[in-house]
Amino acid sequence: MRLRLGTWELGVGRSRAGRALQLAAVTVASLALAACRQDMHDAPRYEPLEASTFFTDGRASRTLVANTVPRGLLREDEHLYTGKIDGKPVDLFPMPVTAAMMARGQERFKVFCAPCHGVSGEGNGMIVQRGFRQPPSYHEQRLVDAPAGYFFDVMTNGFGAMQDYSAQVPVADRWAIAAYIRALQTARRGTVDNVPANRRGELDGQPAAAPAQRQENQ
């Protein structure tokens with residue numbers, strides 16, 4: 001019989017010696033192939049902060065080229081990216097506050113804020129009910145008087161026990177949440193006079209039924 005191993009082809013008889021030779025050939029070929037294996041988890045790359053002999057300073061991680069800014073990080077618009085103008089928080093939104101923006105802000109608020117602050121902004125979310133530190137209520141006069149840019153800044157940089165959410169919540173969503181917080185505050189202190197005349201009739205109507213939730217993994 002003939003045994004093919006890659007580019008090798010061996011003629012092996014049916015005797016015991018032939019079978020032994022066949023087994024030895026397979027073993028040698030397997031070891032040779034294993035020695036050449038390059039696992040994907042061990043790709044030829046530098047790890048963060050790893051040393052390098054290629055660069056004269058011995059560092060694999062390189063600093064930014066002088067007078068350059070990474071794509072998407074220029075952020076010239078101070079108002080949009082910081083909630084401030086001339087370094088001071090402002091009560092002015094950098095984009096129109098629309099119904100779609102408010103709906104987005106409500107949805108993101110329920111995901112990221114309500115666990116601590118509660119769905120109404122009272123500071124009594126489920127995390128607090130489980131024994132964690134209680135945040136202030138958005139309805140405290142201090143926060144009612146705070147500009148919208150203040151809430152954006154806190155979401156961006158954190159404050160006190162609250163971590164920053166800049167990695168989890170994009171800039172536009174932070175502004176949408178700030179708008180929704182302002183809506184919660186206004187609703188708490190609002191009266192019928194704050195409702196447009198052409199919509200006051202809706203106050204006596206039944207609330208619209210919540211849409212049925214879509215079943216996952218159907």
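**Exercise 1.** Work out whether arginine 142 is buried, partly exposed or exposed, then find its salt-bridge partner.

*Solution.* Start with arginine 142: its relative accessible area is 48%. Buried would need under 20% and exposed over 50%, so arginine 142 is partly exposed. Keep in mind that this is a predicted model. Next, look for a carboxylate: the side chain of arginine 142 meets that of glutamate 140 in a salt bridge, 3.9 Å from N to O. That fits the cut-off of 4 Å. Finally, check the partner: glutamate 140 has 35% relative accessibility and counts as partly exposed.

**Exercise 2.** Do the same for arginine 45 and its partner.

*Solution.* Arginine 45 pairs with glutamate 47, with the closest N and O atoms 3.4 Å apart. Now the accessibility: arginine 45 comes out at 45% and glutamate 47 at 39%. Arginine 45 is therefore partly exposed, and glutamate 47 gets that label too.

**Exercise 3.** Decide how far helix α6 is enclosed by the rest of the structure, and say what its buried residues pack against.

*Solution.* First, take the span, residues 148-157. Then go through the buried ones: Ala148, Gly149, Phe151, Phe152, Asp153, Val154, Met155 and Thr156. That makes eight of the ten residues, so α6 is largely enclosed. For the neighbours, the buried residues pack against α2 (78-82), β3 (84-85), β4 (88-89), α5 (141-144) and α7 (171-189). Last, step just past the helix: glycine 158 has a positive phi of about 80°.

Methods: Residues are numbered from 1 along each chain as its sequence is written. This is a predicted model: local features need pLDDT of at least 70, side-chain atom pairs count only at pLDDT 80 or more; totals for chains, interfaces and linings use all residues. Side-chain values use heavy atoms; hydrogens and water are left out. Buried means under 20% relative accessible area, exposed over 50%, partly exposed in between (1.4 Å probe, protein chains only). Helices (H or I, at least four residues) and strands (E, at least two) are DSSP runs, numbered from the N terminus. Contact means heavy atoms within 4.5 Å.
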